[in-house]
Amino acid sequence: MNDNLKSFLSVLALVALGALGTWWWHDMMELRWESRRTMSEAARKDRMLAATRLLQQNGRVVSSVGSLGELILPKVGGGTMILSGASGTALPGQAQEMLDWVRRGNTLIAEPRSLTSAEKAALAALEPASEENDDEIEDEEEEVEEPRPAAAPAGAQGKDEDKPKEDADEDEDEEEDHAPSEPRARPFFTAEARHNNDPLTDRFGARVRRDAKACECRTEPAAEDKDKPEAIAAARRERDKTVSRLTLPGKSYPLELDGGKMELVSLPNAVAPLWSDDDGGAVRVYREGKGQVVLVTNDYFTNYMIDERDHAQLLLALTELTPGRHVTIVRNLNVLPWYKALWRNYSLFLISLAVGVALMFWAAVRRFGPIIPAPKAERRSLLEHIDASGAWLWKADGGRQVLLEAAREDTLALIRRRAPALFRLPETQLWATLARDCSLLDADVSEALQQDAASHVTRFTRQIRTLQELRNHYER
């Protein structure tokens, strides 16, 4: 190998090494912008903030209240009302006021309550009977030579209007012949159902329950596979199985709604909806006077769900059902404040407690402490008061120090007025000068003016006597 080839290969290796180092630096060391979904403080406080902004951008006038208890219906403008998280908690009076408001030509969007155990038992008893009846009808239809069109589902009247009248009558006769007898109605509204009633949506006979088919689907990838594309794709396919499709009146295309894990079901003798989604499990619209009541299975319009599927378009479409442009949003449950709930449930106890406290206060303000004997008529002498005060301070915590400090400050103030030049001396020299002038020991003067009050009676008395001698000397 000649030198030129060696040089060429060396340069090529250096270039490759430099390119590899540059790529590693940009991949590992350079800062990159990454998009992360975060929620603002305002969105955390108001879970309907995104819906409010969307409605305002599309020309709606939006107002919101914290709960149904704060809502003043006579002051609510005409348009649409959204009960976000407040469904199933309305009191009978509030429900009647809201339904009267709807009958005037407005729209109410709410969520029905869940099934009670009694209602679940009633539906479980009816479902096997309906399945047997469907099997019998299918066997009868197989024996007929020419096939008959299936019966139209509820809410889909008008689809067979083009059919000749005679054929329709014949089909009706055949259906009457083969139709099974209706099961005997049984009372299923027990005490539990009456206790858990919802006066706002009970009239329609719709309830919410867990969707067994949706619960079987894994709509989110497993934690260990959350970054794998195939797991994400599989979860998306499973999630698509729970999608509900709703075709709005006058529209030719359906809206896709996230079915979630809940579905709407009908109780016996339920009211047929005006229109609904493809299987009636996500959205149902009922006529109420001149307005509509919209029942939804999920709270589609919160900050967490409004950007899913066509939920935002559904919100705008529902607010266009009435000509009013005003939208009222009720954000929270109809929960009374603690003081109102306490008064509603324990009013008698609170009244009794207040009366008892008032009597105790009245008895306490009449006197404080034990009854003292009547005072003597003669006045006590001043020395008795001074002696009693001194005895009390001597026994009290810190009382001796109080007595000594008072006498010490009074003595030093007198000496400062009579001999101010002494206080220009250093402290040790000052105590020595005072002891020499008054013929006292330096230790006694220092103890009286510097040290704390003595705990022994003799030493404490010596401290007070030394201060008194200093005072007497400079008072002359």
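Author: Contact here means heavy atoms within 4.5 Å. The model is predicted: local features need pLDDT of at least 70, side-chain atom pairs count only at pLDDT 80 or more, and totals for chains, interfaces and linings use all residues. Residues are numbered from 1 along each chain as its sequence is written, and side-chain values use heavy atoms, without hydrogens and water.

Reader: Which element gives the most to the largest nonpolar core?
Author: A nonpolar core joins buried (under 20% relative accessible area, 1.4 Å probe, protein chains only) Ala, Val, Leu, Ile, Met, Phe, Trp, Tyr and Cys through side-chain atoms within 4.5 Å. The largest has 27 residues, and Ile82, Val283, Tyr300, Phe301, Leu314 and Leu315 have the most contacts inside it. Elements giving two or more residues include helix 3 (49–57), strand 9 (283–288) and helix 10 (311–318); helices (H or I, at least four residues) and strands (E, at least two) are DSSP runs, numbered from the N terminus. With five residues, the top contributor is helix 10.

Reader: Which residues does Leu314 touch?
Author: Residues up to four places away in sequence are not counted. That leaves Leu246, Leu255, Leu257, Val283, Tyr300 and Phe301.

Reader: How are helix 13 and helix 15 oriented to each other?
Author: The axes (lines fitted to C-alpha atoms over the stretch in contact) of helix 13 (residues 399–418) and helix 15 (residues 442–449) come within 9 Å. They cross at roughly 110 degrees, on a scale from 0 to 180 degrees between N-to-C directions. Angles of 65 to 115 degrees take one label. The two helices are therefore roughly perpendicular.

Reader: Which residues of helix 15 meet helix 13?
Author: Helix 13 brings Leu404, Arg408 and Leu412. The contact residues divide into four nonpolar, no polar and two charged. On the helix 15 side they are Glu447, Ala448 and Leu449.

Reader: How many residues apart in sequence are the parts tied together by Arg309 and Glu256?
Author: The two form a salt bridge (a Lys or Arg side-chain nitrogen within 4 Å of an Asp or Glu carboxyl oxygen), with the closest N and O atoms 3.7 Å apart. Partly exposed (between 20% and 50%) fits both: Arg309 is at 31% and Glu256 at 29%. Arg309 lies in the loop between strand 10 and helix 10, and Glu256 in strand 6, so the distance in sequence is 53 residues.

Reader: Which residue pairs with Asp444 in a salt bridge?
Author: The closest N and O atoms are 3.8 Å apart. Asp444 lies in helix 15 and its partner in helix 16 (residues 457–475). The partner is partly exposed, at 24%. It is Arg462.

Definitions and conventions. Parallel < 35°, antiparallel > 145°, perpendicular 65-115°, else oblique. Nonpolar A, V, L, I, M, F, W, Y, C, P; charged D, E, K, R; others polar.
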